[in-house]
Amino acid sequence: MAKRVKLINRLTKYFIRSTALPFLLIVLLSGSIFQSYYNWHILTLTDGYTKSMAQNISRYIKDLEQVIILPFFDDEVMALLNKFSKQDNINFSDQIMFNNEFGNLISSIRYVRNDFYSAIIVSGNKTIYASSNFTTAEPALNHNWEKEVWYKKALEANGKIIYIPPHITDYYNPKDDKLKISVVCSINNLITRKPYAVIKIDILPESFINLFDTLDFIVPFNLYMSDENNNIIFCYPSNATMLERLDIREEGGQKHPGTINETLSNHIKQKIPGTPYTLNILLDKTVVFAYTLLIYVAGVLLYLLAFIIALLLNRRLTKRISEPINAINITLRAVEKGNFTTRYESQPGWELEEIGVSLNHMIEDLKETIEKKYIAELAKEKAENKALLSQISPHFLFNTLNSMIAMLYDGKFEQMEKALYNLSDLLHYVLRKDDFSRIEEELSFLNAYLMLQKERFTDRLSFSIEAEKETLSALIPRLLLQPFVENSVIHGMEPISNYKCFIAINTSIKDGKILIRIKDDGAGFDLNKTDISSSIGISNSINRVRIMDPESSISITSAEGQGCTIDISMKIQKEKNENTHC
């Protein structure tokens, strides 16, 4: 039952691997394509919006600049400004005349544009003109205009228009706390470039929002405008979260954006033509992530549903295959143990039914064949077949070749040459056709085998081979000792990391018989818990010894942590017996 369950689980694991990986790759690829397309679509749309908005803002600001240069188009206004710049006081009639002349110039803009907050013209410390659409406040009397930063910058610019970031106009009475942005310019004599006065136009930053009140980028956004010093002129977030992501910091009375997390937001910048301003747009990336995650979740849920249905069908089909295989395996094991009366009971209509019927016919034929042969001949053939299985394992050859490749890479050519010679001797000995060999040859073969194992395990493995001279010419079944030595390496040392093992091989004459001892100080095992006959190589060697000498004896002693000792005692045979087969 355990093997059947194991087979079902293995097939189920292969099924999961073959379906889960492609499906999950499709889900991930679909989500990635969707996310890339969605981002591309939004960024393309935003890029077009941004350029269009930048042009609108540029035209919006250019209209304000037209107000600044209006005095240059009226000779009477310029004459009055020239007069005002030369005298300390302005008489009432000149003031009324100027108010009328300049008021007419800006009336078309002042009364049409609802963003126009105020206009003021000053010269030195004299207020020449002041008007506002939003307040009845008047400029403070005897205010020292020359100390204002914007006044100084206007004179330094010498007729060029400059832009003032958001500030509070604290020179009006009564005062208000509204932030304004301003366009400032000095009014100069067109010939001498002598400044007559400074004109300043104030607008509310909120007026820019009117340009974007119908804006929609599909995803949450934050739109703000900054100047060349990264001062925030105005900010228009679609929600509070996007405002927090801007991380606004105040320094020197001006607001500045903090470090923007590019993982959460796409940051798009567009220079506003003809101005020192830059239009910035932050687009929320998390919405796209959420949509993509939804695709992933939906895909995985659909896969789980399909997987559960397919798994139930797969388990049912696997059961129809694994149970017959398990029954066939049990039948074969019974036959292997000599029970030729056992039969495979097939389920009508199940898979492998024909194989089961053929197996029953094979068992019947095998029983008849066995009954016609001698038990001795059967034992001989079985021993010969198992002898082939006990020869050098592919695992050993694989490890040996890997070790040689490592020597080649490390440039250990002399060491690799010795290993090749040892492997050549070993294979030559294995491929021989004779059944017997001299102990001297068997020990030489074991020396080559252990030398190759030592190339793999280095100082973890050491060994000694000692033989009395009288035993060297005695004959024993070829490859008799190799399974025992291999067992010392594989089970005595290999499973335990960094464990060192010493293997001693001795041959001697005792009581007229050859005594062969193989002893190691490896991991050992509990004889009460280990079925020695389950090892094909060891079981085969024991049978070959007993076929050659029925009076021989093989003793195996071992305990956990105390190594293992094998003693083989058999008669001395000096001449090869061609009629004996093992």
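Trainee: Which elements cover the buried residues of α12 in this predicted model?
Mentor: The helix α12 is mostly covered, since seven of its nine residues are buried. Those buried residues are Gln-482, Pro-483, Phe-484, Val-485, Glu-486, Ser-488 and Val-489. What lies over them includes two other helices and several strands, namely α11 (439-457), β17 (501-510), β18 (513-520), α13 and β20 (564-571).

Trainee: At roughly what angle do the axes of α12 and α13 cross?
Mentor: Helix α12 spans residues 482-490 and helix α13 spans residues 536-548, and their axes come within 8 Å of each other. An angle over 145 degrees counts as roughly antiparallel, and α12 and α13 are therefore roughly antiparallel to each other. The angle at which their axes cross is roughly 150°.

Trainee: Is the crossing of α12 and α13 left-handed or right-handed, and which residues make the contact?
Mentor: The crossing of α12 and α13 is left-handed. On the side of α12 the contact is made by Pro-483, Phe-484 and Asn-487, while α13 brings Gly-537, Ile-538 and Ser-541.

Trainee: How do the residues of the contact of α12 with α13 divide into nonpolar, polar and charged?
Mentor: Glycine is counted as polar here, which matters for placing Gly-537, one of the residues that α13 brings to the contact. With that convention, the residues of the contact divide into three nonpolar, three polar and no charged.

Trainee: How many salt bridges does the structure hold, and which residues are joined into one network by shared partners?
Mentor: The structure holds eight salt bridges. One of them brings together the side chains of Asp-247 and Arg-249, at 2.9 Å from N to O. Elsewhere, salt bridges that share partners make one network of Arg-438, Glu-440 and Glu-441.

Trainee: Are Asp-247 and Arg-249 buried, partly exposed or exposed?
Mentor: The class of partly exposed lies between 20% and 50% relative accessible area. Asp-247 has a relative accessible area of 32% and is therefore partly exposed. Arg-249, with 48%, likewise falls under the upper limit, so that its class is partly exposed.

Trainee: In the salt bridge of Asp-176 with Lys-180, which residue is buried?
Mentor: The closest N and O atoms of Asp-176 and Lys-180 are 2.5 Å apart. A residue is buried if its relative accessible area is under 20%, and Asp-176, at 22% relative accessibility, therefore counts as partly exposed. Its partner has a relative accessible area of 0%, so the buried residue is Lys-180.

Trainee: What is the N to O distance in the salt bridge of Lys-200 and Asp-202?
Mentor: Lys-200 is buried, and Asp-202 is buried as well. Their side chains meet in a salt bridge, for which the N to O distance is 2.5 Å.

Trainee: What separates the C-alpha atoms of Ser-32 and Thr-292?
Mentor: Ser-32 has its place in helix α1, which runs over residues 2-68, and Ser-32 is partly exposed, with a relative accessible area of 36%. Along the chain Ser-32 and Thr-292 are 260 residues apart, yet the separation of their C-alpha atoms is 7.5 Å.

Trainee: For the chain overall, what share of the contacts with a separation of 6 or more comes from residues 24 or more positions apart?
Mentor: The secondary structure of the chain comes to 13 helices and 20 strands, and of its 582 residues 42% count as buried. Among contacts with a separation of 6 or more, the share from residues 24 or more positions apart is 65%.

Note on methods
Residues are numbered from 1 along each chain as its sequence is written. This is a predicted model: local features need pLDDT of at least 70, side-chain atom pairs count only at pLDDT 80 or more; totals for chains, interfaces and linings use all residues. Side-chain values use heavy atoms; hydrogens and water are left out. Axes are lines fitted to C-alpha atoms, for helices over the stretch in contact, and angles run from 0 to 180 degrees between N-to-C directions. Helices (H or I, at least four residues) and strands (E, at least two) are DSSP runs, numbered from the N terminus. Angles under 35 degrees count as roughly parallel, over 145 as roughly antiparallel, 65 to 115 as roughly perpendicular and the rest as oblique. A crossing is left-handed if the near helix is turned anticlockwise from the far one by less than a right angle, and right-handed if clockwise. Contact means heavy atoms within 4.5 Å. A salt bridge is a side-chain nitrogen of Lys or Arg within 4 Å of a carboxyl oxygen of Asp or Glu. Buried means under 20% relative accessible area, exposed over 50%, partly exposed in between (1.4 Å probe, protein chains only).
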